[in-house]
Amino acid sequence: MRWRRAISRKTAWRVVVVWGLISTLFVPSVLFASHAADHRFTVEGFVCGKDGRPGANVEVLVKDTRITVGQTVTTDGDGYYKVTLHLHNDNVGDPLLVEVGGEQKNYKIQFDPNDLETERKLRVDFGSGCERDLGPPQWLLYGLGIAAVAIVGWIGLKISRKRMREEQRRKKGQGKRQK
């Protein structure tokens with residue numbers, strides 16, 4: 001039996017290109033950072049109210065006060081924020097200010113200047129009830145789940161089509177014998 005292509009090569013390439021473009025939209029922003037890991041310092045955390053509910057659309061200021069390098073970001077719907085600063089090894093020990101709605105927290109920038117591989121980061125939460133695990137992003141988990149369901153469905157469809165064809169051939173063969 002000859003194998004027939006279900007779709008043309010042109011269509012297959014279009015699908016690959018479209019999926020490639022879509023996947024680049026969802027790649028973590030760390031991969032697009034304009035500086036190497038040994039120059040990147042990330043401050044992330046959650047902002048919650050006194051009742052423990054996430055603070056959505058709250059401005060967070062993160063600033064190295066010695067060199068006045070900083071950034072203001074807005075929290076997402078879960079109260080999560082993430083700031084990536086471009087810092088060098090000589091910034092170890094610099095004072096770091098993290099401010100949310102008038103509440104300030106002061107830290108010293110700490111990392112091992114000799115470790116060029118480990119991500120340099122600090123977690124700073126505001127409010128109570130914000131203690132959450134920063135596991136993989138939800139879109140990644142949903143995307144993997146959808147991909148798994150699609151693959152299993154595609155395999156199931158192929159198997160059922162094969163069985164239907166075999167059943168039709170068997171019925172045709174039985175009909176010829178009865179004549």
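## Close-up views of a predicted model

**View 1. Valine 60 and its neighbours.** Leaving aside residues up to four places away in sequence, valine 60 touches Val47, Gln71, Thr72, Val73, Thr75, Tyr81, Val98, Glu99 and Val100. Bear in mind for this and every other view that the model is predicted. Val60 also turns up in the largest nonpolar core, among the residues with the most contacts inside that core. Two of its contact partners, Tyr81 and Val98, are on that list as well.

**View 2. The largest nonpolar core.** Zooming out from Val60, we get a core of 17 residues, where Val43, Val60, Val62, Tyr81, Leu96 and Val98 have the most contacts. Strands β1 (40-46), β2 (59-64), β4 and β5 each chip in at least two residues. As a rule, nonpolar side chains in soluble globular proteins tend to be buried together.

**View 3. The whole chain, for orientation.** Here you can pick out two helices and seven strands. Reading from the N terminus, the order is α-β-β-β-β-β-β-β-α. Of the 179 residues in the protein chain, 20% are buried. Take the contacts with a separation of 6 or more: 59% of them join residues 24 or more positions apart. The accessible surface adds up to about 13,400 Å², and carbon and sulfur atoms own 57% of that.

**View 4. Asparagine 91 in its loop.** Asn91 sits in the loop between β4 (80-86) and β5 (95-100). Is this residue buried or exposed? It's buried, because its relative accessible area is 3%, under the 20% cut-off. Its side chain makes a polar contact with the side chain of aspartate 94 at 2.9 Å. Not counting residues up to four places away in sequence, asparagine 91 touches Asp64, Arg66, Ile67 and Ile109.

**View 5. Arginine 66 meets aspartate 94.** The Asp94 partner from the previous view also forms a salt bridge with Arg66, at 2.6 Å from N to O. This pair ties together distant parts of the chain, 28 residues apart: arginine 66 is in the loop between β2 and β3 (69-74), while aspartate 94 is in the loop between β4 and β5. The two ends sit in unlike settings: Arg66 is partly exposed at 46% relative accessibility, whereas Asp94 is buried at 3%. Asn91 touches Arg66 too, and its side chain has that polar contact with Asp94.

**View 6. Arginine 40 and glutamate 119.** The structure holds five salt bridges, and this one has its closest N and O atoms 3.1 Å apart. Arginine 40 belongs to strand β1 and glutamate 119 to the loop between β6 (103-108) and β7 (120-123), so to speak two distant parts of the chain, 79 residues apart. Arg40 is buried, with a relative accessible area of 8%, but Glu119 is partly exposed at 30%. Side chains of opposite charge can pair when their charged atoms come close.

**View 7. Arginine 123 and aspartate 125.** Another salt bridge joins Arg123 to Asp125, with 3.3 Å between the closest N and O atoms. Arg123 is partly exposed at 33% relative accessibility, while Asp125 counts as buried at 17%.

**View 8. A nonpolar patch with tryptophan 19.** Val15, Val18, Trp19 and Ile22 make a nonpolar surface patch of about 380 Å². Trp19 has its place in helix α1 (residues 9-25). Tryptophan 19 counts as exposed because its relative accessibility is 57%, over the 50% cut-off.

Definitions and conventions. Residues numbered from 1 in each chain as written. Predicted model: local features only at pLDDT ≥ 70, side-chain atom pairs only at ≥ 80, totals over all residues. Heavy atoms only, no water. Helix = DSSP H or I, 4+ residues; strand = E, 2+ residues; numbered from the N terminus. Buried < 20%, exposed > 50% of the residue type's maximum accessible area, 1.4 Å probe, protein only. Polar contact = N/O pair within 3.5 Å; in protein donor to acceptor, adjacent residues only side chain to side chain. Contact = heavy atoms within 4.5 Å. Patch = residues over 30% accessible without salt bridge, like charges linked within 9 Å, V, L, I, M, F, W, Y side chains within 5 Å. Areas by Shrake-Rupley, 256 points an atom, 1.4 Å probe, with all protein chains shown as cover. Salt bridge = Lys/Arg side-chain N within 4 Å of Asp/Glu carboxyl O. Core = buried A, V, L, I, M, F, W, Y, C linked by side-chain atoms within 4.5 Å.
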